[in-house]
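Here are my notes for your review. Please read them with the sequence and the model open.

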Amino acid sequence: MRLSQLFARTLREAPAEAEAPSHILLLRAAFIRQLSSGIYTTLPLGVRTMRKVERIVRAEMEAAGAQEIRMPIVLPADPWKVTGRWEAYGDLLFKLTDRQGRELLLGPTHEEVVAPLVASEAPSYRDLPVNLFQIEWKYRDELRPRFGLLRVRELLMKDAYSFDRDEDGMRRSYDVMLESYRRIFDRCGLRYLVVEADPGQIGGGVNHEFIAVSEVGEDRFVACANGDYLADVEAATPRAPEPADDDAPERPLEVLETPNTPSIESLASLLGCAPGETLKCMMYAAGGRTVAVLVPGDRDVSEPKLERLFFPTPVRRLEDDDFEARGLVKGYVGPQGLPEETTILADRSVRGRRDWVTGANQLDRHVRGASTPRDFRVDRYEDLVEIREGDLCPNDGGALRIGRSIVVGHIYQLGTKYSKPLKATFVDEDGTEQPFAMACYGIGISRIMGAAAEQFHDDDGLRWPRAIAPFEVVVILANRDHGRAGAEAERVYRQLIDRGIEAAIDDREESAGVKFKDADLIGYPVQVVVGKRGIDAGTVDVKLRATGERSSPLLADAVPAILDALNTAP
């Protein structure tokens with residue numbers, strides 16, 4: 001590729017809207033351009049990198065036995081209503097109506113499409129297992145897109161779906177794909193971890209995220225200091241505390257005057273108690289049901305964990321009008337005296353503890369000495385608190401540490417979650433109709449490009465891993481007006497092309513300094529400089545971008561030296 005012909009104008013300054021290093025550098029290096037919030041045009045350099053990721057993904061999917069199809073982007077709403085996700089996804093869906101008044105959406109995922117497809121095309125147990133994948137654009141109406149390609153409204157994604165007779169077969173398919181994902185991210189050169197995860201709006205049981213560790217990542221994960229536990233914060237479960245064992249008599253329930261103390265902080269300050277001695281009673285609506293969630297006052301409710309208990313029914317916090325309609329006093333709610341129809345859930349850390357300070361269900365009043373079961377009931381104990389630094393590992397009690405990451409892949413064991421409501425069945429060996437045991441597997445193709453840019457850059461620009469760099473080598477003609485330098489640059493460039501190397505030649509009418517800066521900014525793994533000074537010395541300059549290591553091989557040995565340098569590139 002001749003850079004004089006490349007559609008790529010690099011930028012000297014970072015655009016004002018860019019925050020994360022990957023966002024800044026992908027814009028400056030002419031990989032992407034923003035069209036609107038969370039929507040980007042991919043320029044030729046970016047397309048080349050994404051195509052390389054796609055090739056790796058396709059090769060590993062096919063090696064795992066998956067077959068490629070293409071499903072539509074515009075989807076009918078009815079199957080989504082059947083599975084409950086039309087409501088569960090809410091405002092995240094791009095919804096539209098056609099001229100006949102039919103409700104449609106832009107697909108964020110395709111379980112509702114592929115399950116009926118397989119049911120119609122693979123009706124017998126003899127047709128199983130089946131594994132289908134596609135590489136297609138996905139859409140989510142993110143409220144606040146940010147960080148360039150890391151949170152967008154339009155995402156290029158590989159999604160795959162496996163179908164088996166039973167859960168044993170599903171787990172075997174899942175394990176094959178898990179190993180395939182490891183190979184994909186190894187080949188892309190990413191630094192990644194595999195963690196237990198929250199299934200979110202996809203649902204299902206066992207699931208794993210593949211995360212690229214990064215300080216700007218919006219996803220948080222926990223790791224045990226002893227190295228035996230990794231999980232997304234939304235799925236992480238701290239070791240449950242031992243139930244309190246206190247033989248002292250329960251304190252009597254005492255009503256306290258606590259004016260202007262709707263928050264835990266103000267209440268603890270007024271009473272001179274620790275926040276952990278108070279019982280927080282958070283109120284939610286789950287469909288038509290009122291739900292109270294009890295956690296110690298020094299902890300927060302993990303709403304993803306709560307949502308998982310009620311999925312696909314949407315869960316939301318009560319608002320001011322909701323409190324009034326239910327006869328509740330916001331900021332002063334306690335579990336005692338709540339109506340029988342209210343479901344009361346409590347975190348496991350509440351079990352066995354007594355003498356809580358909590359709301360009195362009256363304005364400006366709390367109670368001290370609230371204990372269960374004397375004063376209030378708990379319908380169910382669950383893991384409901386947000387994880388925090390220093391919580392104990394569920395495996396060995398080691399301290400948990402929190403880090404940041406970018407999710408680049410997510411796989412799920414779905415079981416019959418979608419096949420049952422969609423009536424996607426096959427005829428089993430005994431002649432009965434059975435729902436498919438499904439699993440699904442997603443990889444963000446465009447997000448991998450953003451994550452790699454985040455992990456592999458320095459102050460001068462990008463440092464692509466060789467496997468996904470837009471070009472492997474750039475030959476920089478430092479002096480266009482020097483005839484022999486031009487001839488040698490062309491020779492080296494042509495010989496690299498002939499040997500199957502993805503090479504570019506910078507033959508632009510720019511100064512050598514501009515070319516050097518652009519080479520660092522774009523991040524070619526190997527840079528080769530051919531100029532008057534080197535020609536006079538009978539050498540070329542070779543630089544390995546990842547390490548900055550340089551060498552000056554003889555002109556006659558230039559191509560073998562370049563290949564040696566390229567073979568050492570990460």
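1. What is the order of the open sheet of three strands, and is the pairing parallel or antiparallel? The order is β4-β6-β5, and the pairing is antiparallel. β4 (74–76) and β5 (94–97) are the edge strands, each paired on one side only. On average, neighbouring strands of this sheet are turned by 35 degrees against each other, with direction ignored. Bear in mind throughout that this is a predicted model.

2. Take the β4 side of that sheet in detail. Three bridges link β4 to β6 (residues 103–106), in the antiparallel sense. Leu75 has Leu105 of β6 as its bridge partner. As background, strands of a sheet pair through backbone hydrogen bonds, either parallel or antiparallel.

3. Next, strand β8, residues 154–164. How many of its residues are buried? The count is 10 of 11, so β8 is mostly covered, with buried meaning under 20% relative accessible area.

4. β8 pairs with β7 and with β24. β7 (residues 130–139) runs antiparallel to β8, and 10 bridges join the two. In this pairing, Ile135 stands opposite Lys158 of β8. β24 (residues 437–444) also runs antiparallel to β8, here with eight bridges. Ser162 faces Ala439 of β24 across that pairing.

5. Cysteines. How many disulfides does a search of the whole structure find? Zero. Cys188 is in none; its nearest cysteine sulfur belongs to Cys440, 20 Å away. Cys393 is in no disulfide either, and here the nearest cysteine sulfur, that of Cys224, is 3.7 Å away. A disulfide requires sulfur atoms within 2.5 Å, so the 3.7 Å between Cys393 and Cys224 does not qualify.

6. Are Cys188 and Cys393 buried or exposed? Cys188 has a relative accessible area of 0%, so Cys188 is buried. Cys393 counts as buried because its relative accessibility is 0%.

7. Look at Thr258. Where does Thr258 lie? Its place is the loop between β13 (254–257) and α7 (264–271). Thr258 counts as buried because its relative accessibility is 0%. Its side chain makes a polar contact with the side chain of His366, at 2.7 Å.

8. Which residues does Thr258 touch, not counting those up to four places away in sequence? They are Leu267, Leu270, Leu271, Tyr332, Asp364, Arg365 and His366. His366 is thus worth displaying together with Thr258, given the side-chain polar contact of 2.7 Å.

Notes
Residues are numbered from 1 along each chain as its sequence is written. This is a predicted model: local features need pLDDT of at least 70, side-chain atom pairs count only at pLDDT 80 or more; totals for chains, interfaces and linings use all residues. Side-chain values use heavy atoms; hydrogens and water are left out. Buried means under 20% relative accessible area, exposed over 50%, partly exposed in between (1.4 Å probe, protein chains only). Helices (H or I, at least four residues) and strands (E, at least two) are DSSP runs, numbered from the N terminus. Two strands pair if DSSP finds at least two bridges between them. Axes are lines fitted to C-alpha atoms, for helices over the stretch in contact, and angles run from 0 to 180 degrees between N-to-C directions. A polar contact is a pair of N or O atoms within 3.5 Å; within protein, one must be able to donate a hydrogen and the other to accept it, and residues adjacent in sequence count only if both atoms are side-chain atoms. Contact means heavy atoms within 4.5 Å.
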